[in-house]
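Hi,

Here is the structure I promised to pass on. Have a look at it first, and then read my notes underneath.

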Amino acid sequence: MTMTMHPSDLEGSTPVPLAPRKAAETGLEEGFLLGLMMKIVVRLGCERPSEISRAMRLRVRVVEELLEIARLRGLVEHRGQPNANFHAEMRFMPTDRGRNWAAEAFALSEWVGPTPVTLDAFLAQARAQSVRDEVLTRARLDEVFSGLVIEDTVMRKIGPAANSGASILLYGPAGNGKSSIAEALCQSYQGVVFLPHAIEVDNQVITLFDPSVHVPLDQETAEDGALRRRDGQDMRFVACRRPAVIAGGELNLDMLDLTFSATSRVYEAPTQLKAAGGIFVVDDFGRQRHKPQDFVNRLIIPLEKKVDYLTLDTGRKFQTPFDLLMVFSTNTPPNDLLDDAGLRRLRHKILIGSPDREAFIRIFVSTASQCDLRLNEEVLAYVLVDLYGQHPEFGFQAFHPKFLIEQAQAICAYEGIEPVLTSEIMRRAWDQLLASSRVS
C-alpha cells in the first residue's frame, strides 16, 4: 500500500509516495522480503539494521520487524557489539539455515538492490504524476525555444500538440530542425516524477530506474551528492525530472518489450516504460531495422488507450501505463511512411519545412553570434547572391549556416588566423557544403 502527500518543497503538486511503516504495507509477500533481506545480509555483508535499511530502502523499523521474523525462523542470530555503549546497534549474522535461504532466493533472482514496489503502487503513482497534468504554456515554450528560429505558425501547432498528450509526427526535409525541436520539447517539462528502482510482478523483479536515462532530483541539488530523504518519502522511489528518452536508428521492436537476463534472472523495463511520465522521441523514424508500420502496429493500443501490456516469460500478461508524449521525427513523407490506419494513430502531423530567405538570414546571424563571429552585410550578401544564386536548385536549409560557420572556423584554424567570416573563407566553406550534398 502506497500513501501520498503534497509537499511544498517540490515544484508542482506531484504526490510523494510515503514509506511503508510495516512490512505488510509494502504489499510484498513476506517470503519475498525475507529472501531479499537475506541476500543483502549474505552478499553485501550488512549486519546492522541501519545498513540493511539503506540497502533495502526501507525504514529501520520495517527492517527490524523483518529481522525479528528471520530470527524466529532461525535465519539470523543477533550478537552484541563488542565494547558498545547503550545506543549501539545490534548486529545480525546469518545462520547456516539463513545462508541456505539466501541461496534459494539467489536461484530465483540475483537482485540485491532496493526493495521493489508492487505493480499497483507503481500504477497509482504513475496516475498521480501524469505528463498530461503539466501544461506547457506559450511563455515556457518561447523560453526553451529561444535559441531556435521557428516560424510562428509552427509554434502555434507545437504547443497545443504537446499539451494534448497525443502523438506527434514532425516531418519535412532533412536538416531543418526537427531533431532540435524534439530536443527542445524534452527540455520544456519542469515537473517532478517519482520512479521506482524496481517493480515486483509475481515475485519477479523488473528494473525501471535507469541512471543513463533518468535525472535524479537529489543528485542535482545535494552538494555532496548524498542521497537525501524527504520527510516520509518512500526511498524505493527516486525523485526525478520528467524523463526524456530519445531513440534513433538503433531502436528495434525488442526494445519495446521486457528484457530478461538469464544470468541475473531479472527483467529490464522497456524503453517506453522508462519514459513514463515524460517524453519519448523516435528520431530518424523510418531508418530503424523494422518497418515504421511495424512500430505503429505494436503501439496502436498504447497510443489510443494510454496503457500497454507486457508479458513475463511465464506467460503472465500485465498492464502498464503508457503515460508519455510520443514524438516521431522523420525525413520521409508521411504517405510513404505508413498506411492510412497508421497515420490516423499519429494525431498531430507538423511539417517542418525549409526556411524562407528571411528566416534563413535570422538563422545565419543567430548562429554567427552564438559562435562569437561577426557577419557583416557584405559577406552575407555574397553568400546569398553569389553562392546560393549560382545554385537555385540547392535551396536554403536550416542546418547550412552552422555547417558553413564550422567549416570557416576549421579553415581559420588551419591558416593560423583568428576566426573570421570573409567572402573567400565562405567560398571555401561552400565548396565543402556542395561536396557533402547530393546536389552538385
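Below is what turned up, going from the overall picture to the pockets, the rings and the cysteines.

One thing to keep in mind throughout: this is a predicted model.

**The chain as a whole**

The protein chain has 440 residues, and 51% of them count as buried. Its secondary structure comes to 17 helices and 18 strands. If you draw a box along the principal axes, the C-alpha atoms fill roughly 90 × 55 × 40 Å. I also looked at contacts between residues at least 6 apart in sequence: 72% of those join residues at least 24 apart.

**The largest pocket**

How much space lies in the largest pocket? The answer is about 700 Å³. There are 29 residues lining this pocket, and Val149, Asn176, Gly177, Ile363 and Ala398 are the closest to its centre. If you want to find the pocket by its helices, look for α7 (152-164), α8 (178-188), α14 and α16 (400-415), each of which supplies at least two residues of the lining. Helix α14 gives the largest share, with 5 residues. By class, the lining of the largest pocket divides into 14 nonpolar, 10 polar and 5 charged residues. Hold on to α14, as this helix comes up again with the rings.

**The cavities**

Besides the pocket, I get 2 cavities of 30 Å³ or more. The largest cavity has a volume of about 50 Å³. Its lining is made up of Val131, Arg132, Glu134, Leu136, Ala162, Asn163, Gly165, Tyr189 and Leu325. Sorted by class, that makes 5 nonpolar, 2 polar and 2 charged residues around the largest cavity.

The second largest cavity holds about 30 Å³ of space. Around it sit Leu251, Leu256, Phe280, Val282, Phe285, Phe295, Leu299, Met326 and Phe328. Which classes do these lining residues belong to? The lining of the second largest cavity has 9 nonpolar residues, with no polar and no charged ones. Three elements each supply at least two of its lining residues: strand β14 (279-282), helix α11 (292-305) and strand β17 (325-330).

**The aromatic rings**

Searching the whole structure gives 10 aromatic pairs. One of them is Phe360 with Phe364, an edge-to-face pair at 5.8 Å centre to centre with 90° between the planes. Where do these two sit relative to each other? Both are in helix α14 (residues 357-370), and because they are 4 residues apart there, about one helical turn separates them. Phe360 is buried, with a relative accessibility of 0%, and Phe364 is buried too, at 0%.

Phe360 also pairs with Tyr388: the ring centres are 5.2 Å apart and the planes meet at 75°, so this pair is edge-to-face. Here the partners come from distant parts of the chain, with Phe360 in helix α14 and Tyr388 in helix α15 (residues 377-390), 28 residues apart. Tyr388 counts as buried, with a relative accessible area of 5%.

These rings belong to a cluster. Ring pairs link Phe360, Phe364 and Tyr388 with Phe394, Phe396 and Trp430. If you only open one spot in the viewer for the aromatics, I'd go for this one.

**The cysteines**

How many disulfides are there in the model? The count comes to 0. Take Cys186, which is in no disulfide: the nearest cysteine sulfur belongs to Cys240 and is 15 Å away. A disulfide needs two cysteine sulfurs within 2.5 Å, so Cys186 does not qualify. Cys186 is also buried, at 8% relative accessibility.

Cys412 is in no disulfide either, and its nearest cysteine sulfur, on Cys371, is 12 Å away. Is Cys412 buried or exposed? Cys412 is buried, at a relative accessible area of 1%.

**Where I'd start looking**

Helix α14 is a handy place to begin, since it supplies 5 residues to the lining of the largest pocket and carries the Phe360 and Phe364 pair. From there you can follow Phe360 across to Tyr388 in helix α15. After that, try the second largest cavity with its 9 nonpolar lining residues.

Shout if anything is unclear.

Cheers

Definitions and conventions: Residues are numbered from 1 along each chain as its sequence is written. This is a predicted model: local features need pLDDT of at least 70, side-chain atom pairs count only at pLDDT 80 or more; totals for chains, interfaces and linings use all residues. Side-chain values use heavy atoms; hydrogens and water are left out. Buried means under 20% relative accessible area, exposed over 50%, partly exposed in between (1.4 Å probe, protein chains only). On a 1 Å grid over the protein atoms alone, a cavity is a set of points where a 1.4 Å probe fits but cannot get out, and a pocket is an open set with protein on both sides within 12 Å along at least five of seven lines; lining residues have an atom within 4 Å of a point. Grid points are joined across faces, edges and corners, and a volume is the space filled by probe spheres set on the points. Ala, Val, Leu, Ile, Met, Phe, Trp, Tyr, Cys and Pro count as nonpolar, Asp, Glu, Lys and Arg as charged, and the others, Gly among them, as polar. Rings of Phe, Tyr and Trp (its six-membered ring) pair if their centres lie within 6.5 Å; planes under 30 degrees apart count as stacked, over 60 as edge-to-face and the rest as tilted. Contact means heavy atoms within 4.5 Å.
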